[in-house]
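Me: I'd like a close look at one part of this model: the places where pieces of the chain pack against each other. Please take me through it slowly, with any terms explained as you go.

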Amino acid sequence: MGRYLLRRLLQLVPVFIGTTFLIYWLVWAVPGDPFAGKCGERRCPEQYVAFMTEKYQLDQPLLVQYANYMRNLLQGDFGETFGGRSVNDIIVAAYPNTLKLALVALAIEAIIGLTAGVLTGLRRNGFLDNLVLVSTMFLIALPIFVIGFVLQWLLGVQWGIVRPTVSSSMPLSELLLPGFVLGSASMAYIARLARTSIAENRRADYVRTAIAKGLPMRRVVGVHLLRNSLIPVVTLLGTDLGALMGGAIVTEGIFGINGIGQVVYRSITTKESSTVVSIVVVLVVIYLLMNLLVDLLYAALDPRIRYE
(Lines give C-alpha, C1' and ligand atoms only; values in the text may rest on other atoms or scores of the structure.)
Protein backbone atom coordinates (compact mmCIF):
# COMPACT_ATOMS: atom_id res chain seq x y z
CA MET A 1 0.00 0.00 0.00
CA GLY A 2 2.83 2.38 0.81
CA ARG A 3 4.51 1.89 -2.57
CA TYR A 4 1.18 2.31 -4.35
CA LEU A 5 0.44 5.53 -2.47
CA LEU A 6 3.89 6.93 -3.28
CA ARG A 7 3.48 5.99 -6.94
CA ARG A 8 0.08 7.65 -7.14
CA LEU A 9 1.38 10.82 -5.48
CA LEU A 10 4.20 10.99 -8.03
CA GLN A 11 1.67 10.50 -10.82
CA LEU A 12 -0.26 13.52 -9.58
CA VAL A 13 2.68 15.82 -10.28
CA PRO A 14 2.59 15.77 -14.13
CA VAL A 15 -1.22 15.79 -14.05
CA PHE A 16 -1.17 18.88 -11.83
CA ILE A 17 1.38 20.65 -14.02
CA GLY A 18 -0.49 19.80 -17.21
CA THR A 19 -3.92 20.88 -15.96
CA THR A 20 -2.68 24.10 -14.37
CA PHE A 21 -0.76 25.03 -17.53
CA LEU A 22 -3.84 24.39 -19.65
CA ILE A 23 -5.95 26.56 -17.35
CA TYR A 24 -3.31 29.29 -17.33
CA TRP A 25 -3.06 29.22 -21.12
CA LEU A 26 -6.85 29.38 -21.58
CA VAL A 27 -7.14 32.40 -19.28
CA TRP A 28 -4.12 34.05 -20.87
CA ALA A 29 -5.55 33.50 -24.36
CA VAL A 30 -8.89 35.19 -23.59
CA PRO A 31 -9.06 38.32 -25.77
CA GLY A 32 -9.76 41.74 -24.31
CA ASP A 33 -8.12 44.54 -22.41
CA PRO A 34 -7.40 43.46 -18.80
CA PHE A 35 -7.39 47.10 -17.70
CA ALA A 36 -10.73 48.01 -19.26
CA GLY A 37 -12.94 49.69 -16.67
CA LYS A 38 -10.11 50.06 -14.15
CA CYS A 39 -10.15 53.85 -14.59
CA GLY A 40 -13.90 54.37 -14.61
CA GLU A 41 -15.63 55.22 -17.85
CA ARG A 42 -12.57 56.82 -19.43
CA ARG A 43 -9.68 54.94 -20.98
CA CYS A 44 -6.72 54.31 -18.70
CA PRO A 45 -3.63 56.48 -19.40
CA GLU A 46 -0.82 54.85 -21.34
CA GLN A 47 1.57 55.37 -18.42
CA TYR A 48 -0.76 53.43 -16.12
CA VAL A 49 -1.15 50.59 -18.62
CA ALA A 50 2.61 50.40 -19.17
CA PHE A 51 3.28 50.38 -15.41
CA MET A 52 0.70 47.64 -14.70
CA THR A 53 1.87 45.56 -17.67
CA GLU A 54 5.44 45.62 -16.37
CA LYS A 55 4.40 45.06 -12.75
CA TYR A 56 2.35 41.95 -13.53
CA GLN A 57 4.74 40.79 -16.29
CA LEU A 58 1.99 40.73 -18.90
CA ASP A 59 4.51 41.54 -21.60
CA GLN A 60 6.44 38.32 -20.92
CA PRO A 61 5.94 35.10 -22.94
CA LEU A 62 3.34 32.67 -21.67
CA LEU A 63 5.88 30.11 -20.45
CA VAL A 64 7.76 32.75 -18.47
CA GLN A 65 4.55 33.98 -16.86
CA TYR A 66 3.52 30.42 -15.99
CA ALA A 67 6.94 29.60 -14.54
CA ASN A 68 6.83 32.71 -12.36
CA TYR A 69 3.30 31.89 -11.24
CA MET A 70 4.22 28.30 -10.31
CA ARG A 71 7.32 29.46 -8.44
CA ASN A 72 5.20 31.82 -6.35
CA LEU A 73 2.51 29.16 -5.97
CA LEU A 74 4.97 26.67 -4.48
CA GLN A 75 5.79 29.33 -1.90
CA GLY A 76 2.11 29.70 -1.02
CA ASP A 77 1.64 32.97 -2.89
CA PHE A 78 -1.33 33.05 -5.28
CA GLY A 79 -0.50 36.54 -6.44
CA GLU A 80 -2.64 39.67 -6.25
CA THR A 81 -5.42 41.31 -8.21
CA PHE A 82 -4.95 44.40 -10.39
CA GLY A 83 -6.42 46.36 -7.50
CA GLY A 84 -3.61 45.22 -5.21
CA ARG A 85 -5.66 42.80 -3.10
CA SER A 86 -4.04 39.49 -2.18
CA VAL A 87 -5.63 36.50 -3.91
CA ASN A 88 -4.79 34.46 -0.79
CA ASP A 89 -7.14 36.69 1.22
CA ILE A 90 -9.88 36.29 -1.38
CA ILE A 91 -9.57 32.51 -1.34
CA VAL A 92 -9.49 32.34 2.46
CA ALA A 93 -12.64 34.48 2.64
CA ALA A 94 -14.63 32.69 -0.09
CA TYR A 95 -13.54 29.05 -0.10
CA PRO A 96 -14.86 28.05 3.35
CA ASN A 97 -18.36 29.23 2.35
CA THR A 98 -18.39 27.19 -0.85
CA LEU A 99 -16.77 24.18 0.86
CA LYS A 100 -19.43 24.26 3.57
CA LEU A 101 -22.20 24.44 0.97
CA ALA A 102 -20.60 21.63 -1.09
CA LEU A 103 -20.25 19.35 1.95
CA VAL A 104 -23.91 19.90 2.86
CA ALA A 105 -24.91 19.10 -0.73
CA LEU A 106 -22.66 16.01 -0.71
CA ALA A 107 -24.21 14.77 2.54
CA ILE A 108 -27.74 15.34 1.25
CA GLU A 109 -27.14 13.56 -2.04
CA ALA A 110 -25.38 10.66 -0.30
CA ILE A 111 -28.06 10.13 2.35
CA ILE A 112 -31.14 10.61 0.17
CA GLY A 113 -29.63 9.11 -2.98
CA LEU A 114 -28.28 5.99 -1.28
CA THR A 115 -31.46 5.43 0.74
CA ALA A 116 -33.66 5.72 -2.34
CA GLY A 117 -31.32 3.54 -4.40
CA VAL A 118 -31.10 0.76 -1.81
CA LEU A 119 -34.84 0.65 -1.17
CA THR A 120 -35.73 0.58 -4.86
CA GLY A 121 -32.95 -1.87 -5.68
CA LEU A 122 -34.30 -4.35 -3.14
CA ARG A 123 -37.93 -3.88 -4.21
CA ARG A 124 -38.05 -3.19 -7.92
CA ASN A 125 -41.14 -2.46 -10.03
CA GLY A 126 -43.18 -1.31 -7.04
CA PHE A 127 -44.79 2.05 -6.34
CA LEU A 128 -41.69 3.40 -4.58
CA ASP A 129 -39.46 2.25 -7.42
CA ASN A 130 -41.58 4.00 -10.03
CA LEU A 131 -41.81 7.12 -7.87
CA VAL A 132 -38.02 7.31 -7.49
CA LEU A 133 -37.45 6.74 -11.21
CA VAL A 134 -39.86 9.50 -12.18
CA SER A 135 -38.63 11.98 -9.57
CA THR A 136 -34.95 11.39 -10.38
CA MET A 137 -35.60 11.84 -14.09
CA PHE A 138 -37.43 15.05 -13.23
CA LEU A 139 -34.43 16.35 -11.24
CA ILE A 140 -32.00 15.40 -14.02
CA ALA A 141 -34.08 17.07 -16.72
CA LEU A 142 -34.61 20.37 -14.92
CA PRO A 143 -31.75 22.93 -14.84
CA ILE A 144 -30.42 23.83 -11.41
CA PHE A 145 -31.48 27.47 -11.68
CA VAL A 146 -35.10 26.41 -12.30
CA ILE A 147 -35.11 24.11 -9.27
CA GLY A 148 -33.46 26.83 -7.19
CA PHE A 149 -35.86 29.60 -8.12
CA VAL A 150 -38.95 27.39 -7.73
CA LEU A 151 -37.95 26.06 -4.29
CA GLN A 152 -36.82 29.51 -3.17
CA TRP A 153 -40.16 31.05 -4.15
CA LEU A 154 -42.31 28.23 -2.75
CA LEU A 155 -40.49 27.44 0.51
CA GLY A 156 -38.97 30.85 1.18
CA VAL A 157 -41.33 33.49 -0.20
CA GLN A 158 -44.72 31.84 -0.55
CA TRP A 159 -44.82 29.52 2.46
CA GLY A 160 -42.12 31.09 4.66
CA ILE A 161 -40.69 27.77 5.77
CA VAL A 162 -37.06 28.79 5.20
CA ARG A 163 -35.15 31.99 4.56
CA PRO A 164 -35.10 32.81 0.82
CA THR A 165 -31.44 33.85 1.11
CA VAL A 166 -28.56 32.68 3.28
CA SER A 167 -27.24 35.03 5.96
CA SER A 168 -23.55 35.84 6.37
CA SER A 169 -23.20 33.44 9.33
CA MET A 170 -24.38 30.53 7.11
CA PRO A 171 -25.99 28.27 9.75
CA LEU A 172 -26.68 24.69 8.76
CA SER A 173 -30.44 25.20 8.78
CA GLU A 174 -30.14 27.85 6.05
CA LEU A 175 -27.82 25.71 3.91
CA LEU A 176 -30.18 22.74 3.63
CA LEU A 177 -32.23 24.25 0.80
CA PRO A 178 -29.32 25.52 -1.33
CA GLY A 179 -27.47 22.28 -0.56
CA PHE A 180 -30.41 20.27 -1.86
CA VAL A 181 -30.57 22.44 -4.98
CA LEU A 182 -26.84 22.14 -5.63
CA GLY A 183 -26.77 18.37 -5.16
CA SER A 184 -30.15 17.60 -6.76
CA ALA A 185 -28.80 16.29 -10.07
CA SER A 186 -26.04 14.23 -8.43
CA MET A 187 -28.55 12.88 -5.91
CA ALA A 188 -30.70 11.61 -8.77
CA TYR A 189 -27.71 9.95 -10.45
CA ILE A 190 -26.63 8.31 -7.18
CA ALA A 191 -30.13 6.95 -6.56
CA ARG A 192 -30.32 5.41 -10.03
CA LEU A 193 -26.76 4.11 -9.87
CA ALA A 194 -27.25 2.55 -6.43
CA ARG A 195 -30.56 1.03 -7.57
CA THR A 196 -28.92 -0.64 -10.56
CA SER A 197 -25.89 -1.84 -8.58
CA ILE A 198 -28.01 -3.28 -5.76
CA ALA A 199 -30.31 -5.06 -8.21
CA GLU A 200 -27.38 -6.61 -10.09
CA ASN A 201 -25.44 -7.74 -7.01
CA ARG A 202 -28.57 -9.14 -5.39
CA ARG A 203 -28.45 -12.01 -7.89
CA ALA A 204 -24.76 -12.70 -7.24
CA ASP A 205 -23.58 -16.06 -5.86
CA TYR A 206 -22.20 -14.65 -2.62
CA VAL A 207 -25.59 -13.14 -1.76
CA ARG A 208 -27.41 -16.41 -2.40
CA THR A 209 -24.79 -18.21 -0.31
CA ALA A 210 -25.25 -15.78 2.58
CA ILE A 211 -29.02 -16.23 2.44
CA ALA A 212 -28.63 -20.01 2.26
CA LYS A 213 -26.49 -19.94 5.42
CA GLY A 214 -29.42 -18.40 7.24
CA LEU A 215 -27.89 -14.99 7.85
CA PRO A 216 -30.36 -12.25 8.78
CA MET A 217 -31.45 -10.17 5.80
CA ARG A 218 -30.18 -7.03 7.52
CA ARG A 219 -26.67 -8.52 7.68
CA VAL A 220 -26.85 -9.79 4.11
CA VAL A 221 -27.76 -6.35 2.84
CA GLY A 222 -25.58 -4.25 5.14
CA VAL A 223 -22.40 -6.34 5.14
CA HIS A 224 -22.38 -8.23 1.85
CA LEU A 225 -24.70 -6.62 -0.67
CA LEU A 226 -24.31 -2.93 0.18
CA ARG A 227 -20.55 -3.07 0.64
CA ASN A 228 -19.92 -4.46 -2.82
CA SER A 229 -22.53 -2.24 -4.44
CA LEU A 230 -20.99 0.97 -3.07
CA ILE A 231 -17.92 1.01 -5.33
CA PRO A 232 -19.51 2.88 -8.28
CA VAL A 233 -21.37 5.15 -5.87
CA VAL A 234 -18.19 6.01 -3.97
CA THR A 235 -16.52 6.86 -7.29
CA LEU A 236 -19.27 9.34 -8.12
CA LEU A 237 -19.35 10.82 -4.62
CA GLY A 238 -15.58 11.17 -4.43
CA THR A 239 -15.26 13.09 -7.68
CA ASP A 240 -18.42 15.09 -7.06
CA LEU A 241 -17.02 17.31 -4.30
CA GLY A 242 -14.87 19.27 -6.72
CA ALA A 243 -17.72 19.41 -9.24
CA LEU A 244 -20.07 20.80 -6.61
CA MET A 245 -17.58 23.50 -5.61
CA GLY A 246 -16.89 24.43 -9.21
CA GLY A 247 -20.55 24.41 -10.19
CA ALA A 248 -21.87 26.47 -7.29
CA ILE A 249 -22.00 29.74 -9.24
CA VAL A 250 -25.72 29.53 -9.99
CA THR A 251 -26.72 28.27 -6.53
CA GLU A 252 -24.63 30.90 -4.75
CA GLY A 253 -26.14 33.61 -6.92
CA ILE A 254 -29.72 32.50 -6.22
CA PHE A 255 -29.32 32.28 -2.46
CA GLY A 256 -26.87 35.18 -2.01
CA ILE A 257 -23.90 33.13 -0.80
CA ASN A 258 -20.53 34.85 -1.01
CA GLY A 259 -18.45 31.92 -2.21
CA ILE A 260 -15.94 31.12 -4.92
CA GLY A 261 -18.66 30.91 -7.54
CA GLN A 262 -19.40 34.60 -7.17
CA VAL A 263 -15.69 35.41 -6.99
CA VAL A 264 -14.99 33.52 -10.23
CA TYR A 265 -17.89 35.22 -11.98
CA ARG A 266 -16.73 38.69 -10.96
CA SER A 267 -13.12 37.84 -11.81
CA ILE A 268 -14.06 36.66 -15.29
CA THR A 269 -16.09 39.78 -16.02
CA THR A 270 -13.26 42.03 -14.78
CA LYS A 271 -10.54 39.86 -16.41
CA GLU A 272 -8.75 39.17 -13.11
CA SER A 273 -6.86 36.21 -14.53
CA SER A 274 -4.73 35.54 -11.44
CA THR A 275 -7.83 35.08 -9.28
CA VAL A 276 -9.52 32.76 -11.78
CA VAL A 277 -6.41 30.62 -12.22
CA SER A 278 -5.73 30.38 -8.48
CA ILE A 279 -9.27 29.29 -7.64
CA VAL A 280 -9.29 26.68 -10.40
CA VAL A 281 -5.87 25.43 -9.24
CA VAL A 282 -7.31 24.75 -5.79
CA LEU A 283 -10.21 22.90 -7.42
CA VAL A 284 -7.74 20.80 -9.42
CA VAL A 285 -5.92 19.85 -6.21
CA ILE A 286 -9.22 18.82 -4.62
CA TYR A 287 -10.11 16.71 -7.66
CA LEU A 288 -6.75 14.91 -7.62
CA LEU A 289 -6.80 14.22 -3.89
CA MET A 290 -10.40 13.00 -3.96
CA ASN A 291 -9.57 10.63 -6.83
CA LEU A 292 -6.69 9.25 -4.79
CA LEU A 293 -8.94 8.83 -1.75
CA VAL A 294 -11.53 6.99 -3.84
CA ASP A 295 -8.91 4.54 -5.10
CA LEU A 296 -7.81 3.83 -1.54
CA LEU A 297 -11.41 3.28 -0.44
CA TYR A 298 -11.84 0.58 -3.08
CA ALA A 299 -9.59 -1.76 -1.10
CA ALA A 300 -11.59 -1.11 2.08
CA LEU A 301 -14.90 -1.86 0.36
CA ASP A 302 -13.81 -4.87 -1.71
CA PRO A 303 -11.31 -7.30 -0.08
CA ARG A 304 -10.44 -8.67 -3.53
CA ILE A 305 -8.77 -5.37 -4.44
CA ARG A 306 -5.16 -5.15 -3.31
CA TYR A 307 -2.62 -2.45 -4.11
CA GLU A 308 1.07 -3.20 -4.34
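Reply:
**How the pieces meet**

Of the contacts in the protein with a separation of 6 or more, 75% are between residues 24 or more positions apart; contact here means heavy atoms within 4.5 Å. Keep in mind that this is a predicted model, where local features need pLDDT of at least 70 and side-chain atom pairs count only at pLDDT 80 or more, while totals for chains, interfaces and linings use all residues. Residues are numbered from 1 along each chain as its sequence is written, and side-chain values use heavy atoms, leaving out hydrogens and water.

First, the overall picture. The protein has 13 helices and zero strands; these are DSSP runs numbered from the N terminus, with H or I and at least four residues for a helix, and E and at least two for a strand. Its C-alpha atoms fill a box of roughly 85 × 60 × 30 Å along the principal axes. There are 308 residues, and 43% of them count as buried, meaning under 20% relative accessible area, with exposed being over 50% and partly exposed in between (1.4 Å probe, protein chains only).

Now zoom in on helix 10, which covers residues 217-246. One of its partners is helix 8 (residues 184-201): the two pack at an angle of about 155 degrees, and their axes are 9 Å apart. The axes are lines fitted to C-alpha atoms, for helices over the stretch in contact, and the angles run from 0 to 180 degrees between N-to-C directions. Helix 8 and helix 10 are therefore roughly antiparallel, since the labels are roughly parallel under 35 degrees, roughly antiparallel over 145, roughly perpendicular from 65 to 115 and oblique for the rest. Their crossing is right-handed: the near helix is turned clockwise from the far one by less than a right angle, while anticlockwise would be left-handed.

Who does the touching? Helix 8 brings S186, Y189, I190, L193, A194, S197, I198 and N201. Helix 10 answers with L225, L226, N228, S229, P232, V233, L236, L237 and D240. Sorted by class, that gives 11 nonpolar, five polar and one charged residues; Ala, Val, Leu, Ile, Met, Phe, Trp, Tyr, Cys and Pro count as nonpolar, Asp, Glu, Lys and Arg as charged, and the others, Gly among them, as polar.

Helix 10 also packs with helix 9 (residues 205-212), at about 175 degrees and with the axes 10 Å apart. Helix 9 and helix 10 are therefore roughly antiparallel too. On the helix 9 side you'll find Y206, V207, A210 and I211, and on the helix 10 side V220, H224, L225 and N228. That contact has six nonpolar, two polar and no charged residues. Look for L225 and N228 of helix 10, which turn up in the contact with helix 8 and in the contact with helix 9.

Back to helix 8 for a moment, as residue R195 falls within its range, 184-201. The side chains of R195 and D129 are joined by a polar contact of 2.6 Å. A polar contact is a pair of N or O atoms within 3.5 Å; within protein, one must be able to donate a hydrogen and the other to accept it, and residues adjacent in sequence count only if both atoms are side-chain atoms. D129 sits in helix 5 (residues 127-141) and is buried, at 0% relative accessibility. Leaving aside residues up to four places away in sequence, D129 touches T120, R123, R124 and R195.

Next, helix 4 (residues 87-122) packs with helix 12 (residues 260-269) at about 130 degrees, axes 8 Å apart. That angle makes helix 4 oblique to helix 12. Here I90, A94, Y95 and T98 of helix 4 meet I260, G261 and V263 of helix 12. The contact counts five nonpolar, two polar and no charged residues.

Last stop: helix 13 (residues 273-301), home of S278. S278 is buried, with a relative accessible area of 0%. Its side chain makes a polar contact of 2.9 Å with the side chain of Y69, and a polar atom of that S278 side chain lies 3.2 Å from the backbone oxygen of F78. Beyond four places in sequence, S278 touches Y69, F78, V87 and I91.

L292 also falls within the range of helix 13. L292 and L12 are 280 residues apart in sequence, yet their C-alpha atoms are 9.1 Å apart in space. L12 belongs to helix 1 (residues 2-29) and is buried, at 14% relative accessible area. With residues up to four places away left out, L12 touches L288 and L292.
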